[in-house]
Amino acid sequence: MTRKEMTHLTLTPPNGLTTDQAQNRLNQTGPNQLAAAKKPALWRQVARHLNDVSSLVLLFAVALASYMALALNGGWTKPIVIGAILVINVLIGLYQEASAEKALAALQSLSLPTTTVRRDNVAQTLAAVNVVPGDLILLKAGDQVPADGIVLESTNLTVDEAILTGESVPVSKHHVQTLTAVAPEQEVFSGTAVTAGTAIVQVVTTGMATELGQIAGLLNQTKKRATPLQGRLNRLSGWLTSFAILGGIAIFALSVWMQNQGLADSLMIGISLAVAAVPETLPIIVTISLAHGVKRMANRNAIMRRVNAVETIGGVDVIASDKTGTLTQNKMTITRYWTPNSPQSQAADDLTQAGKDLMRYLGLATNAEIQQVAGQEETHGDPTELAIVRWLAQHGQSRQQFEAAAPRLAEDPFDSTKKAMATIHRLTDGQQLIIVKGAFDRLPIRWTPTARQAAQQVHDEFGQQALRVLSVGYRVVPATVDLSDPNWEDLTQDLTFAGLVGIIDPPRPEVIPAIREAKQAGIKPVMITGDHMVTAAAIAQEIGILTPGQRVLSGDELRQMTDAELTQQIQDIAVYARVSPADKIRIVQAWQATGKTVAMTGDGVNDAPALKAADVGIAMGITGTEVSKGAADMILTDDNFATIMAAVREGRTVYQNILKAVEFLVGVNFAQIFLMVGAVVMGWGAPLLAEQLLLINVLADGIPGFYISREPGEQAAMEQPPVANSESLLAHGMGGRLALRAATFTILSLGIYAIGRFGLTNNQATMGMTMLFLVLAIGSMIDIYAIKDRQPLTMASLKRNPVLNGAMLIAIAVVLLVATVPVTQRLFGLITLPIEAWLMVLPAMFIPTLVLELAKRWTRRQAPARNLSLDEDPS
């Protein structure tokens, strides 16, 4: 709560609010619930999907073709086919969005349906949405806090705030002494859970004014930026469109001027050119490639909620990871211990006799339990005590075994003031054992000067290693001492020191090699956590994130920096500690301001806004909250950081296959433009009809292109740096390969058309058109084999994608049927070819593939020492 809110706060009487007061405040503040961002209208969603350049060109082509069909009886084939492609693309986009934005709904589900309040001096249960500022909330262990408030009364109250802070250890809370000095440990927050104790809390803020509500507000305001692939495809579409508009104007003018054609015929040629210029199937092929990537990633335990993120994850430059539960196991674990008779600390799995005694004392003074329920681990108790139970299990022991030999007689529960707890046990000889465990400086140990100094030194060493230290002392009293009504202060004096243990939430074992792989792939891993700087730095050093020359930055230091200063220094910062949800968004956006693609991992509510702001938000499927999952683009079903790197590999494969699809489609589209303009310039008129162009673009180019998504990834994919956001699709030799392919098809197309029209017949346009149709359709399909592999073709590479081979056979069969069956011949303006024409057509189909393969070999001879990859081969 803000200081201003505290200043205007008036304490509620012990009887609570009256019913009338509560109703008036409910009318003023509204219900205690989170507001979701208003969803755009359906027509706005459709308009957004039609707003990219390629869709606008196709929309114009549909309108113009429809006008020609109505006014000039031009036929409905063109507008129906182009319109169907547009509708399919829009429906796919709407379907993706329907399940993509559930984060705020999940936030709302965190609100309890009921809670206990005191009103009119009566404790009553009411709907949590009706809680108002000033209400007195009665909390106990297991309750979830329904609103932000201050603690008026408490007994051993601890609250799990991991949902907001990311810290895995519950926080002790105390009641307020004065409203002028309310500390964080005297406040509770909506959505957090009471792990122990009881309390009476006065509500200060509800709904969107709570800390949880502020996160919801950030989630509402945070927008996704366009993916790098979307930007590249839009730039390519814009370039193609500009080229097509210029070509359309030129061909329209040439048709009217050189051939004296009417406006209607000239417009029809313009439509044909528009169809030729835009690769209609490219958006669908991209979607299919992404969808296939989604399936492959799901098999690797990565569920993609946003399809476009499949490609984006392959291009990430930065992975900003939450610590608790993501890089670490979210299981407090004893890693080292020390006893007074040992010169140095021991590893937890190396037990001496004194270590066994220490473990026994800890086990007896512990209340936590770990059970297996339906094959799943179910924990009960404080994380620190759960670490003790795990240590016992590691050595084949249990709390129940120790208690069977030394039954517990009494307990003094943990108190946050004394920071210790005590238990009394009956030993087999009748004596009574008193055990006290807690903070090192709070145990009343009977020290000698040298023993105290040695223990303090080990304690400080553990602290420097970011270990949480727990100390144990004990005392044995005769059986004759009456402990039925123990005086704990007297009984816990003059203890014998048993030792201390160091506890930490350890890194996941698979994280270290995953971090190493990320760096090898040119990706910078960054840790962002709400934990202490010392703990964060220690974990980051151990797993390889924090290396020499890199810095650790606290949230306080971050908030003192301007956005410009953060952007300038961000390359040198590897760890951010004690950060808020707003800080996480700043970090993500600062990296994005440097032109980097950012992935953000997390599992708590506090991570959700940053997950949404990142280019790829990654939530944990097991430990993650529904809020984080709803805001994320990708969910790891195994909570395994290494799965992210498997997803990166799949993402890079998807991007490579999309590049192959672009090369496959766009090269022929350029050739079609040059073919149309060249034929008109030569006075031949349009060499292909619009229907024929559509069939080539949708069937001959589209069907094989659909299955190029199943190509396996390049071996060196994870040894190359990520693709820069500003990089064009035509970079790294793509432009040269497109130019070679376009030139090959242009020359071949004009040549085969001229042979058919003037060589085999006396100016019979349909003969040249039919031969051109077959060569362009089947030839552009066959050379997909030269495109799908940057290495020279082999029998192994030809057989590597059997689904593509099957699709090729089907597509070729359909093209041959269209060109040979009389009904389809008439529909598409084709004729039956004589044998001499087939003798020209069949070898001509393989010429583009032969040219590309020769270019590969020439390039390899020019640079024999170069290790060529997909993006480097400038064939």
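# Asking around E385

Modeller: E385 belongs to helix 15, residues 383–394. Helices here are DSSP runs of H or I with at least four residues, strands are runs of E with at least two, and both are numbered from the N terminus. This is a predicted model, where local features need pLDDT of at least 70 and side-chain atom pairs count only at pLDDT 80 or more, while totals for chains, interfaces and linings use all residues. Residues are numbered from 1 along each chain as its sequence is written, and side-chain values use heavy atoms, with hydrogens and water left out.

Colleague: Why is E385 called buried or exposed, whichever it is?

Modeller: Buried means under 20% relative accessible area, exposed means over 50%, and partly exposed is in between, using a 1.4 Å probe and protein chains only. E385 comes out at 10%, so it counts as buried.

Colleague: What makes the link from the E385 side chain to the K437 side chain a polar contact?

Modeller: A polar contact needs a pair of N or O atoms within 3.5 Å; within protein, one must be able to donate a hydrogen and the other to accept it, and residues adjacent in sequence count only if both atoms are side-chain atoms. E385 and K437 pair up through their side chains at 2.7 Å, and the E385 side chain also reaches the backbone nitrogen of N367 at 3.0 Å.

Colleague: Which residues does E385 contact, neighbours within four places in sequence aside?

Modeller: With contact meaning heavy atoms within 4.5 Å, the list for E385 is A365, T366, N367, A368, M421 and K437.

Colleague: And which strands does helix 15 lie across?

Modeller: Helix 15 crosses strand 10 (333–338), strand 15 (420–426), strand 16 (432–438), strand 17 and strand 18, at about 75° to strand 10. That angle is taken between N-to-C directions, from 0 to 180 degrees, with axes fitted to C-alpha atoms, for helices over the stretch in contact.

Colleague: What is the strand order in the open sheet of seven strands?

Modeller: The order is 11-10-18-17-16-15-14, with antiparallel pairing. Strand 11 (346–347) and strand 14 (408–415) each have a single partner strand, so they stand at the edges, with one side of each lacking a neighbour in the sheet.

Colleague: How do you know that strand 17 and strand 18 pair?

Modeller: Pairing requires DSSP to find at least two bridges between two strands. Strand 17 (residues 468–477) and strand 18 (residues 496–504) are joined by seven, running antiparallel. One of the partnerships is V472 with G499 in strand 18.

Colleague: How do you know whether the length of helix 14 agrees with its residue count?

Modeller: The expected span is 1.5 Å times one less than the number of residues. For the 12 residues of helix 14 (residues 353–364) that gives 16 Å, and the end C-alpha atoms are 17 Å apart, which agrees.

Colleague: What makes the phi of A466 worth a look?

Modeller: Most residues other than glycine have a negative phi. A466 is not a glycine, yet has a positive phi of about 65°. It lies in the loop between helix 17 (449–464) and strand 17, and its 8% relative accessibility makes it buried. N330 also has a positive phi, about 60°, without being a glycine; at 33% relative accessible area, N330 counts as partly exposed.

Colleague: What is the mean pLDDT of the protein?

Modeller: pLDDT is the predictor's confidence in each residue, from 0 to 100. The mean is 82, and 85% of residues reach 70 or more. Residues 99–112 stay under 50, though. Where pLDDT is low, the predicted coordinates should not be read in detail.
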